[in-house]
Amino acid sequence: MEITREFAESVIAAVKSCKSIMMDSFTVSEKDGASNLVTTADTAVQSRLRTLLGEILPQAGFLGEESPDVTALGNIYWVVDPIDGTSNFARGMQLSAISVGLVEDEEEIFGVVYNPYAEELFCAAKGQGAYLNGERIHVSERDFSHSLIFTAFSLYQKAYAPLCESALAELYPECDDFRRLGSAALELCALAAGRGELYFEIRIFPWDWAAAAVIIREAGGTIGTIDGERLRHDAPVLLLAANGDENFRTLKRTVQKHIPKLPYRA
Ligand code: IPD
Ligand code: CA
Ligand code: CA
């Protein structure tokens, strides 16, 4: 489908309208172990977005982190993380985002990532460029030795952490530094905006990256899987991203040495 300005603005308005929920009080509970949290704000934002996005595009399916169901999505569907960076959110860290992607025929065609604390809204539609608060953004031109790498150590499956640590141990002396922001969507958008250059995460779900994938591609970056398989929306993937093909290939080669095959079934 064609992403018109009017359509983009209505989705952006829906996303921004959820800020008040994030700024309100909330309670926290554990979803699956001490590191995997959910708050009443996560479920409230998801439910509001489900309603508003359903009004904007009634024919679209809905895949949201807090009730993931991939069985009846159809050929066009939303992929929503109501709060990416829930651990930051629960701790008052002010580094979290709402992430809304639109997928058509298995391809991400539109994405919005909104950080309500910094009032930064990243947005991209396939073929139309990537924007931060209405200004065009582009990945940086830094080479590998000057690059900042974003990564995480498999927070929800800590058995895989040593694989990530050994990959980072080889990458670290080869690049400038690394960061772990606690929100994959914001890390990927930071890469799109030229604030960082490399990203890898061993086990990440579609709601974490679907919106940001369009933003990275439209900003001139490269995003993909470790095995060259397509970015699927029905399972976690080992995700890599970089500010261009050359850095992507170098990153992938190094990560592959330490994680030659996925330690989980996709
Ligand atoms: C998490 C964050 C984190 C990443 C995890 C994600 P959540 O999302 O994006 O940075 O390392 O893999 O699950 O649980 O805060 O929505
Ligand atoms: Ca997430
Ligand atoms: Ca989340």
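**Group meeting talk: two calcium ions, two pockets and a buried strand**

Hi everyone. In sequence, the donor residues of the calcium ion (ligand 3) follow the spacing E-x15-D-x1-I. Before I go on, please keep in mind that this is a predicted model.

So which atoms does the protein offer to the calcium ion (ligand 3)? They are Glu65 (OE), Asp81 (OD), Asp81 (OD) again, and Ile83 (O), and they lie 2.1 to 3.2 Å from the ion. Asp81 is buried, with a relative accessible area of 1%. Ile83 is buried as well, at a relative accessible area of 1%.

Now for the neighbouring site. Asp81 bridges the calcium ion (ligand 3) and the calcium ion (ligand 2), and the two ions lie 3.7 Å apart. For the calcium ion (ligand 2), the protein donors are Asp81 (OD), Asp84 (OD) and Asp208 (OD), at 2.0 to 2.2 Å from it. Their spacing in sequence reads D-x2-D-x123-D. Asp84 belongs to strand β4 and Asp208 to helix α7, so this pair ties together parts that are 124 residues apart in sequence. Both Asp84 and Asp208 are buried.

Let me turn to the pockets. The largest pocket has a volume of about 660 Å³. Its lining is made up of 34 residues, and those nearest the centre are Asn36, Glu65, Leu155, Tyr156 and Asp208. You will recognise two of these names from the calcium sites: Glu65 is a donor to ligand 3, and Asp208 is a donor to ligand 2.

Which elements build that lining? At least two residues come from each of β4 (76-84), α4 (86-90), β12 (198-204) and α7 (206-218). The largest share, four residues, is supplied by β12. If you like to think in residue classes, the lining has 12 nonpolar, 10 polar and 12 charged residues.

A quick look at one residue of α4: Thr86 lies in this helix. Is Thr86 buried or exposed? Its relative accessibility is 10%, so Thr86 counts as buried. Leaving out residues up to four places away in sequence, Thr86 touches Leu37, Val38, Thr39 and Asp42.

On to the second largest pocket, with a volume of about 370 Å³. It is lined by 17 residues, and the closest to its centre are Arg5, Ala8, Ile12, Cys123 and Tyr131. Here α1 (5-16), β7 (120-125) and β8 (130-132) each give at least two residues to the lining. By class, this lining divides into 10 nonpolar, five polar and two charged residues.

Last stop: strand β14, residues 237-242. Why do I call β14 largely enclosed by the rest of the structure? Because six of its six residues are buried. Val237, Leu239 and Ala241 point one way from the strand, Leu238, Leu240 and Ala242 point the other way, and all are buried.

What does β14 pair with? One partner is β12, in the antiparallel sense and over five bridges; in this pairing, Leu198 stands opposite Ala242. Another is strand β13, residues 222-225, which runs antiparallel to β14 and is joined to it by four bridges. There, Ile223 stands opposite Ala241 of β14.

And that brings us back round to the pocket: β12, which pairs with β14, also gives the largest share of the lining of the largest pocket. If you take one residue name away today, I would suggest Asp81, the bridge between the calcium ions, ligand 2 and ligand 3. Thanks for listening!

How values were computed:
Residues numbered from 1 in each chain as written. Chains lettered and ligands numbered in written order. Predicted model: local features only at pLDDT ≥ 70, side-chain atom pairs only at ≥ 80, totals over all residues. Heavy atoms only, no water. 1 Å grid on protein atoms, 1.4 Å probe; cavity = no way out; pocket = protein on both sides within 12 Å on 5 of 7 lines; lining within 4 Å. Points joined across faces, edges and corners; volume = space filled by probe spheres on them. Nonpolar A, V, L, I, M, F, W, Y, C, P; charged D, E, K, R; others polar. Buried < 20%, exposed > 50% of the residue type's maximum accessible area, 1.4 Å probe, protein only. Pairing = 2+ DSSP bridges. Donors = N, O, S within 2.8 Å, 3.2 Å for Na, K, Ca; no water. Contact = heavy atoms within 4.5 Å.
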